[in-house]
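Visitor: I would like a close look at one part of this model, namely the charged pairs of a single helix and the contact they border on. Please take it slowly and give the cut-offs as you go.

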Amino acid sequence: MAHNRRNFVKKLAVAGSTVSVNNLLEMTSVADLTAANRRVQHLSLREVAADEDYWRTIQQSYTASTSPIIILNNGGVSPSPLVVQQAVERYNQMINQGPSYYMWRLLDQGREPVREKLALLAGTLPDEIAINRNATEALNTVIYGLDLAKGDEIIGTLQDYPNVIQAWRQRAQREGIVYKQLSFKFPIENDEQIVREYEKAITPKTKLLHVTHVINWVGQIMPVQKICQMARKHGVEVLVDGAHSFGLLDFKIPELGCDYFGTSLHKFLSAPVGTGMLWIRKEKIATIWPLLCNSQPKSNDIRKFETLGTRSFAIEQGINEAINFHNAIGSKRKEERVRYLKNYWAEKALKLPGVRLSTSLKPQFSCGICGVSIEGMTPGEVEGKLMAKYKINTSPTVWENISCVRVTPHIYTTLADLDKLVNSLSEIIAEKKKA
Ligand SMILES: Cc1ncc(COP(=O)(O)O)c(C=O)c1O
């Protein structure tokens with residue numbers, strides 16, 4: 001694999017004088033993807049997940065695969081494949097012919113097709129999808145848009161994302177709603193235990209459960225469907241934070257049984273940085289107030305949540321190309337590959353002395369994100385060494401009862417990168433022992 005990457009980079013260097021790097025990369029990805037798909041079509045999901053030739057084509061669609069730094073913090077934010085970058089650049093150039101015409105009049109017409117494409121991917125009606133800038137914006141729209149009275153209760157967890165915890169706390173502080181937070185000790189390999197904890201906390205005053213689909217700190221997949229079934233019995237709504245699930249796990253939003261779903265598109269979907277999506281069940285749209293005001297705040301038109309003012313339509317249009325790219329691979333294959341990559345390194349790391357994982361390796365409980373720690377070292381120390389000496393970018397994670405280094409590969413990650421991670425961890429452990 002290292003050899004292949006070298007060859008690829010060499011090819012780029014040779015081609016540099018006559019062909020732009022972008023063109024060569026584009027040729028590599030577009031020309032090969034159809035052929036690669038045809039070659040693996042008879043294989044099982046598991047076989048495709050381990051087919052390095054297939055994934056090499058995908059890796060070479062990402063300029064990130066040529067980065068001298070090994071990026072293993074794709075849970076934070078992910079790069080786009082070259083076709084997406086090029087689409088954004090193309091639209092940007094078009095906009096700069098004169099944004100008042102090319103952006104507001106022409107490109108603006110591309111929003112409905114993007115909505116339809118997102119809806120197809122999400123398995124929803126287009127009229128239930130609002131396009132926005134990130135998961136924070138999508139989730140805050142619901143958090144601040146719900147009609148709640150003093151004393152109404154919301155149940156979340158200490159392990160939810162800080163931006164949403166802050167939002168709920170601010171509402172509690174300002175309006176006297178009651179924001180209760182459960183605390184889970186991950187990993188948990190028992191869905192019923194999680195559902196029970198939420199159920200125990202429900203009272204007649206509970207209006208909504210806030211559930212993170214994939215816990216960002218350690219990658220635990222929460223049993224959203226089971227939680228929603230339970231909540232429905234109690235007449236309680238569910239808001240799902242799908243920042244790490246959409247574009248990675250193979251599911252359709254209505255299957256979850258939730259009422260609201262907010263996500264980023266710049267994580268596993270690899271859409272341009274600064275893209276997000278909000279889904280609201282059709283009959284609930286009229287009940288949610290927009291975060292940024294609209295002339296018809298109680299309308300049932302989902303577009304009332306898109307009164308964002310002037311923003312980049314080029315970025316928004318780039319979502320199109322990201323979905324095309326995602327669909328060319330397929331959700332099932334993508335989920336299986338990313339889980340394969342996580343298990344590839346994590347199973348090896350677990351054999352090293354003093355290594356502990358904060359994440360279950362069973363498929364139903366995790367996919368791409370995994371937390372790792374080394375006995376006697378802080379996450380900051382491990383992450384610092386990985387970066388300083390080995391040029392591996394990870395995320396030191398210390399939050400509530402969680403302490404680990406978060407590692408998140410993506411579909412462009414190579415096995416060689418993951419071997420380097422494991423070898424680096426091994427060297428760090430050996431060095432610590434000597435000291
Ligand atoms: C679970 C979770 N929710 C929400 C967010 C916020 O995402 P964004 O940066 O797109 O607003 C993140 C970001 O990492 C996250 O991990």
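Visitor: What relative accessibility does arginine 339 have, and does arginine 339 count as buried or exposed?

Guide: Arginine 339 counts as buried, at 9% relative accessibility, where buried means under 20% relative accessible area, exposed over 50% and partly exposed in between, with a 1.4 Å probe and protein chains only. The model is a predicted one, in which local features need pLDDT of at least 70 and side-chain atom pairs count only at pLDDT 80 or more, while totals for chains, interfaces and linings use all residues. Residues are numbered from 1 along each chain as its sequence is written, and side-chain values use heavy atoms, with hydrogens and water left out.

The side chain of arginine 339 meets that of glutamate 335 in a salt bridge of 2.9 Å, N to O, the term standing for a side-chain nitrogen of Lys or Arg within 4 Å of a carboxyl oxygen of Asp or Glu. Both residues belong to helix H14, 4 residues apart, which is about one turn of the helix; helices (H or I, at least four residues) and strands (E, at least two) are DSSP runs, numbered from the N terminus. Glutamate 335 is also buried, at 15% relative accessibility.

A further salt bridge, at 2.8 Å from N to O, joins the side chains of arginine 337 and glutamate 52. Glutamate 52 lies in helix H4 (residues 52-59) and arginine 337 in helix H14, so this pair ties together parts that are 285 residues apart in sequence. Arginine 337 is buried, with a relative accessibility of 0%, and glutamate 52 is likewise buried, with a relative accessible area of 15%.

Helix H14 also takes part in the contact between the two domains, domain 1 (2-72 + 330-434) and domain 2 (87-326), whose bounds come from an automatic or database domain assignment. Their C-alpha centres lie 27 Å apart, and 36 residues of domain 1 are in contact with 35 residues of domain 2, contact meaning heavy atoms within 4.5 Å. The two domains bury about 2,700 Å² between them, 58% of it on carbon and sulfur atoms; buried area is the accessible area (1.4 Å probe) that two parts lose on being put together, summed over both.

Across this interface the rule finds 2 salt bridges. Lysine 332 and aspartate 250 meet through their side chains in a salt bridge of 3.1 Å, N to O. The side of domain 1 that touches domain 2 draws at least two residues from each of helix H2 (21-40), helix H14 (331-350), strand E10 (370-374), strand E12 (395-399) and strand E13 (402-407). Helix H14 gives the largest share of that side, 6 residues. By class, the residues of that side divide into 14 nonpolar, 15 polar and 7 charged, where Ala, Val, Leu, Ile, Met, Phe, Trp, Tyr, Cys and Pro count as nonpolar, Asp, Glu, Lys and Arg as charged, and the others, Gly among them, as polar.

For the wider setting, the salt-bridge count comes to 29 by this rule. Another pair is aspartate 259 with arginine 232, the closest N and O atoms being 3.6 Å apart; aspartate 259 sits in the loop between helix H12 (253-256) and strand E7 (260-264), and arginine 232 in helix H11 (residues 224-233), 27 residues apart. Aspartate 259 is buried at 2% relative accessibility, whereas arginine 232 is partly exposed at 44%.
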